[in-house]
Number of protein chains: 2
Amino acid sequence: MCLEGNCRKFFDPHSLALVGVSRKPGSLGHKFLQAVRQFGYRGRVYPVHPTVPEMEGLRCYPSLEALPEVPDLAVIMVKKEQVARMLEACGKKGIHHVIIITAGFRETGDEGREREMELLKIAYRYGLRFLGPNCMGLFNTGSQIRLNASFSPTQPLPGTVAFLSQSGALAVAILEMARTLRLGFSKFVSLGNKADLTEVDFLPFLLEDPETRVVMLYQEGIERPGTFREWLYRLSCRKPVLALLAGRSQSAARAAVSHTGALTGSTEAVEALFRQCGVVSLERVQDFVETALAFSLARLPGGPRVAVITNAGGPGILTVEALERAGLQVVPFQEKTRRRLRQLLPEEAAVENPVDMIASATEITYRETLHTVLIDEQIDAVVVVIVRPPVDTTPARIAREFQTVLPSETDKPIFVVLMAHWDETAGIEAFHRLNIPVFAYPDSAARALAAMWTYARWKQQPPGKRLSYPVDQEQAARLLAGAKTSARFLSEYVAWQILQAYGFPLPAFAMVQHLEDALETFRDWNKPIVLKLLSPQIVHKSDAGVVWGNLDSEDAIRAAWERLQQVIAAHPEEWAVEGVLVQEWIPGQREWIAGVHKDARLGHVLMFGLGGVLVEVWKDVSFRVVPLSDRDAREMLREIRASKLLDGTRHLAPVKENDLVDMLLRLSQLVSDFPEISSLDLNPIMATDDGQRLAVVDVRIEIYSPEESRSNQEKGRKKKA
Amino acid sequence: MCLEGNCRKFFDPHSLALVGVSRKPGSLGHKFLQAVRQFGYRGRVYPVHPTVPEMEGLRCYPSLEALPEVPDLAVIMVKKEQVARMLEACGKKGIHHVIIITAGFRETGDEGREREMELLKIAYRYGLRFLGPNCMGLFNTGSQIRLNASFSPTQPLPGTVAFLSQSGALAVAILEMARTLRLGFSKFVSLGNKADLTEVDFLPFLLEDPETRVVMLYQEGIERPGTFREWLYRLSCRKPVLALLAGRSQSAARAAVSHTGALTGSTEAVEALFRQCGVVSLERVQDFVETALAFSLARLPGGPRVAVITNAGGPGILTVEALERAGLQVVPFQEKTRRRLRQLLPEEAAVENPVDMIASATEITYRETLHTVLIDEQIDAVVVVIVRPPVDTTPARIAREFQTVLPSETDKPIFVVLMAHWDETAGIEAFHRLNIPVFAYPDSAARALAAMWTYARWKQQPPGKRLSYPVDQEQAARLLAGAKTSARFLSEYVAWQILQAYGFPLPAFAMVQHLEDALETFRDWNKPIVLKLLSPQIVHKSDAGVVWGNLDSEDAIRAAWERLQQVIAAHPEEWAVEGVLVQEWIPGQREWIAGVHKDARLGHVLMFGLGGVLVEVWKDVSFRVVPLSDRDAREMLREIRASKLLDGTRHLAPVKENDLVDMLLRLSQLVSDFPEISSLDLNPIMATDDGQRLAVVDVRIEIYSPEESRSNQEKGRKKKA
C-alpha cells in the first residue's frame, strides 16, 4: 500500500480517536489531550477510556468498537503490553491511520523487537499504516483542521518549515529553540522507531505540499536507501532539505543504536548520499535551526559576494571574518557605490566593504546605505550589522525603513546580525515579516548564508549525468566467474585484465614465469619496470617484500629476480606461486587512491583521496554512493583538501582532471555491473610530474558471496586442525 | 610614569568632571551623564558646560578651572577640535586621570594622527595619563563608588569578569549578549585608540584585583609586545585570560586599520604569543562570551573525561558528538557507577555514558544521577542536558535539587545544556548561583568546557624553560660580520658554518673549486653526495638548476660537474661563482621545515611545519615568538596536523623528537643572539626512514640593516641605468 495519497489523513483528519487518555494532570495521556484541544482542533475528538465516562468536557468511549464512526486517525498511548491489542482493535474498526506513541519496543532489545514485529503483522493483516512506536506524534499548523497530535510542551509557531524527526525529544528541543529564534513550522512528524512509516513515506507529500518551503530531517539511521535517495533528490530539486545526522562518533553511534534501535550506515556514506542529493547537511543543532530560519525566509543568493554594513567597526570586522571563514567573499564595491556612500555618510565613515556608517547611523542611514549597496552589481547578498547605537534608533525602526526600499528593487537575500539583548524590543518579527532573518552572532548569519549559497550553486549547476562507457563487460564477467571459484582476493593479474576490459588507464603489464621472459619484455618495452610476485596467499605485497620497482637495467632485473627466488624459497609451503607480473614503472611525485567498499546499508560506496606515504596521516578522502554521475566525480576531486595538487605546484605540471573523472566513473560502472565485488582498491594512482600521464599502479579486488565465505572459513578451520 | 598605583583613580574616583555634557536628549553628552547617574555613582559629579548653569538637577561649571576641587577623573567628550584645549585645561587644573571619548583622531588619517600626537605632548607636559581617544569609557561594578563612566546603553550586570576592549561598539554588543547569557562583569575598559594607556597599563591592576576572576581582551592590535607578553603570562598563571583577536583575514585586517588606526602584528605571530602566555584565544564572538561565562562560574576540570546525563536520547547523542568534536572524551563509567544507575533508573534508561534517564526523569532523578556520576573517579566533568520534559518538572526545580548535593562533594565542573526556550522560566540564574553555567546548545557547552580544559592543562604542566646551549657564538659573530659587508643573503657555505657553530645536526659538507676535490671528498666519505653551485646571485638554487643530488658514483659526479660548468657558461656575466658545495646526501621520505622571520610588531617569529612536495598545499605550520622555551618547541611539533608522522607509519620508524626540539631551541638561541638576522630557513630538515638520523639539508640566512638595504637598492638602480 502506498502512503502518498493518504498522508492527508495523517495531517488533516476530520476525526481523531485518542486511546490511553488520562485525567491525571502531568501524565502523558492528559498532556496529549490538552495539546489537541489547546491548539484548537476543529475535527471530532473521541477519547477512549475503559471506565471514565467524560474527560475535559468530552464524552469518553469505553472502546474503539463503541465509537459512533470510523475515525480518520487513531493515537495509541497505552502501556506497551496493550499496544498490540489496541492496534488490532483499530484494524477491526476499520481505522487505516494510527500513531503509536508508546515506547518499549525495538529500542529496548530482543523482547521489544518481537513486540514491534507483532505490530507490523497486525498492520499488514488489516492494511493499516502506523507512525512510531516510541514517537511524539505530529502536528500541522497550516491545516484548517488545526491538528496538534503530539505531546510537545511547546505551542508551535506557524511557518513554512516541515520537520521530520527520528528523535521526539530532539524535536521538542528544536521546537523550543525555534521559539527563541521565531522560526515557524508547517508540519512536524516524530518518526520514532520507524517500524512501518519512515521519512520516505512523507517526502512525496512534502514535495507537493504548498505550505512547505523547507524540509528539516533529523536522522539517526537510514531506511530503504534506494527510495530515500530518489525522493531526497527530487525534493531537493524543488525545495531545500536540511539534515542533521546523529551518530558520527563511535560513542554517539553506540548511543544512537540504543536510542531508537536504528541501524546506521557509516557516516561517510550517508554524508555522501546527502551531498549527491543536494541535501544541506549540518553537524550542529544550532546551525540546523539557524540555517532553517534563513532558508524559510530569505531568497537564495545568486553568488558568494557579500556586502557588510554596520554601525560599529569591531562587529563589522568580526562579521567579515565570519563570512570569509564560512567560505563567502567580502568584495570591493563598484566605484559608483563608493561615490554614493561617500556623499551619503559622514567623513569618519568607511565606504569600503564593510561599510562602517559609524555610531551616529540612524534608521535613515541604514535604509539609504542598504539601498545603495543592494544595487551594486558586484554584490549578491547583504549582511546588516546592528549594534545598539548611542543615537536614538531601534531595530524595529530600521526594519520599518527597510520596508520602503524592499522588496520591489531586489531579489538579493538580506540578513541581519542583531548584536543586542534578544528581547521583545529587538524587533525581530518586524525583520522576519520582510523575509530578513535575524541572528544574534556574525557566525550564525555567515554559516546560514554560506549554506544557502552551497544549495543555490548545487541547483544552478547542470544535473550530473550517469555516463555509460563502452566496455567489455562479457570479458570481465568471464574473468570474474573464473576467479570466483578460487580465492576471495582476485589474482592481481586477473584484476589488471578486468580493469583493462573496463578501459582504465594502465601501465603496460605482462605475466611471466621465467627470467628470460621478463628480460625480453624489458627489452621490448625499453622502459624501467616493476616485478611483482603473484600468489593467492600474498595480500600485502610490499609488506611481504615481493615487489621490486624502478628496474632500469638487465642487471637490476636479474638481481631482483634472484631475490624473488630467495623469498619464495623461504616460504615453500604457504605460497602457491602464480607467476611474476612485469609492469611498466610509472615515475611521479603525486599519488591518489580510489576504492570501493560495500556499506551495510547503502551498498557500494566509492572513495577518492590523496595517496602516498602520508595517506594515513592525512586521511584526505571524499566519498560518493554508487552509481556516480560525472558531476559527483568532478566534485570528489575538488572536495579533498589537497585538491590544489591537481593544478600543479612550482615543480609539477597540472593533471588532466578529465582522465581522473573518467577513471572514477569507470570504477562506478564496474562495481554497478558486478555487485559481487565487495571491495576494490586502486592504490596508488600515479601522475607523472609533467602531468601528461595518469595510471593505476596497483589494484586489489575482493569478491564475496556468503557460500564462499563459509567454505573459506571451513578451509581455515581444517588447516588449523 | 607608571600607572599601576593609579588605576584605582580611574576605577574608583571620588570626584568626576564631565566635559561636554549636553541637555539634548539622545546626544552622547546627555546619555553619558544619564549613565553615570542611573548606575548610582556615589562620588561628586561636576558637569562642565560653557553656558548652561544646571543639568539634571546638578550644578554645572563653565570651565574646569572653575571647579571647586581637583577631580580624581575627568571625561572629555567635546568636539574633536576642542579636545586638545580641554586636555590642556585638565593639566592646568592638576587633573591626572582623563578619559577622552571623542573620535576623529588617528583612525581618520594623517590630520587626525597629528591631533592625537598633540594630545600625547600635552599629557607628557602635565604628567597626566589618558584613556582613548575614540573610546567608550569604563565602568566598575564592584566598586563602592558605583562608577559607570561609559555611554554603554546597557546596564552592566555585576560579576567577576574584567573586559578590556579596543572597540567600544563591540563592547556594547558583548555587554548586550552578556545580558542574554546572564554573564556579569567586575570592570570594563574601552581602550579606543590607545594613544597613551593600553591594555598593558591595566593588566598589573587586574592581576591583583580581588573582584576579577577572568579577564577578557578584545584586540585589534598589539602595543609594547615585550611588556604585554610578560604581563599576559603572569596574569594567565593566576587567572584565565580570554582573547578575541580581530583582523585575521585580509579584508578584515584592512578594516581594522581604518577602524582604530591599529598596526596589527601578523595573526600567526599574535596567536603564537597568546599560546605562549597561556591565553585562551577565540575566533568567534559567541565562543568569547560563552567561554567567559564558563570560566567565570565553573571550576577548572582536572581532565578531559566528561559524563553526559540527559532526559532525551537525541540531544544526548548530539552532546556527545559536540564534546568529541571539541576534543573532549566521553568515557565508560566505572562498574559501580553503572550498577548504581541500573538500580536508580527505569528499565528503558541507558546507564552507559551518555546516561539517558528517559523522558520520565524528575528533578530527583537528575539529582541522584548527577550525584552518582560525580563520584565516579573516571569522570572529570559533567554535562547535564535538559530538554523540556513531558513530566512535571522545571529547570529551576532541578537546580534546587542540585543544590542539596553540591558543592561539598565535588570540585568537578558541571555544565547545563538547556535545550528550551530561553526565557525567565528557564531558571538560568538558579544554576548560575550554584556556579553551573547554562548554555543553549551542546556545542556551546562543549567548546567552553574544552577551552577550560586547555587552560587547566596549560596550568598543570611545568612552565617551559629557556635553555642556553653551549655554542660558539664568537665564531658565528665573526662569520656574520664578515658576511655583512657583502650581500643580503649569506653564502650557503657561511650559513652552514654558522649552523655548525650553533651545534645543529648537519650533513657532512665541504667547499671545493675543482672536480678532483669533489671526487676526493666522495671517496673520503664513501657516501652519495650532492653538488651545489654557490653564487651570491643565486637565491633559489633548485629553480636555477644548479643542484645535483644523490650522486653515488664517480661517473655521476663527473656528469653533474660537467653540467654545472655548462650552466655557469650560460650565465657568464651575472654570476660570481663562489665555489661548489659538496654535501652528504640524506635519504628519507619525511621532511620538515623550520624558519624565522621578523614580524613588524613582535620581532623574531619561529615557524615549524611539514615540508616536502606538498608544503604549499598543506600549509601545515606552527608558530612561536622568539625566545622559545623547551615547552614551546615540544608543543610546536605536536601542533601541526601531520604530527603523527613523528610517531612513524607502517613503513617509517619514529623520529627522535628530542633532536627536533633541540634544533628549534638552537634556532631560537641563534636569532636571539643575532637580531640582524632578518630571516632564516631550514628547508628541508630530513629524517631517515629508520628514524635514526635527522639533519638540516638546506639553509638560507638573510641579514638586513637599513644601510645595506639602501645601498643594495642603489646598486640595483645603477645596474638598471
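Here are some notes on a predicted model, covering how two chains meet and a few features within chain B.

1. Let me start with how the copies are related. Chain B superposes on chain A after a rotation of 180 degrees with 0.0 Å of shift along its axis, and the RMSD is 0.1 Å. That is the relation of a two-fold axis. The same surface serves both copies, since 100% of the contact residues of chain B recur in chain A.

2. The contact itself takes 71 residues from chain A and 71 residues from chain B. On the chain B side, the elements giving two or more residues are α2 (28-38), α5 (168-181), α8 (250-260), α10 (285-297), α11 (313-325), α16 (442-460) and α22 (615-618). If you want a place to begin looking, try α11(B): with ten residues, α11(B) provides the largest share of the side of chain B that touches chain A. By class, that side of chain B divides into 39 nonpolar, 18 polar and 14 charged residues.

3. Two of those elements, α10(B) and α16(B), also pack against each other within chain B. Their axes come within 9 Å and cross at roughly 65 degrees, and the crossing is right-handed. From α10(B), the residues involved are B:Asp287, B:Glu290, B:Thr291, B:Ala294 and B:Phe295; they meet B:Ser444, B:Arg447, B:Ala448, B:Leu449, B:Ala451 and B:Met452 of α16(B). This helix-to-helix contact has six nonpolar, two polar and three charged residues.

4. Turning to the strands, chain B has an open sheet of four, in the order β20-β23-β21-β22, with antiparallel pairing. At the edges stand β20 (509-512) and β22 (547-551) of chain B; each has a single partner strand, so one side of each is left without a neighbour in the sheet. On average, neighbouring strands here are turned by 20 degrees against each other, direction ignored.

5. The edge strand β20(B) deserves a closer view. Four bridges join β20(B) to β23 (residues 579-584) of chain B, and the two run antiparallel. For a landmark in the viewer, find B:Phe509, which stands opposite B:Gln583 in β23(B).

6. Finally, which helix lies across β20, β21 and β23 of chain B? Helix α18 (residues 492-501) of chain B does, running at about 125 degrees to β21(B), whose residues are 529-534.

Conventions: Residues numbered from 1 in each chain as written. Chains lettered and ligands numbered in written order. Predicted model: local features only at pLDDT ≥ 70, side-chain atom pairs only at ≥ 80, totals over all residues. Contact = placed C-beta atoms within 7 Å. Nonpolar A, V, L, I, M, F, W, Y, C, P; charged D, E, K, R; others polar. Pairing = 2+ DSSP bridges. Axes fitted to C-alpha atoms, helices over the stretch in contact; angles between N-to-C directions. Least-squares fit on C-alpha atoms with pLDDT ≥ 70 in both. Left-handed = near helix turned anticlockwise from the far one by under 90°.
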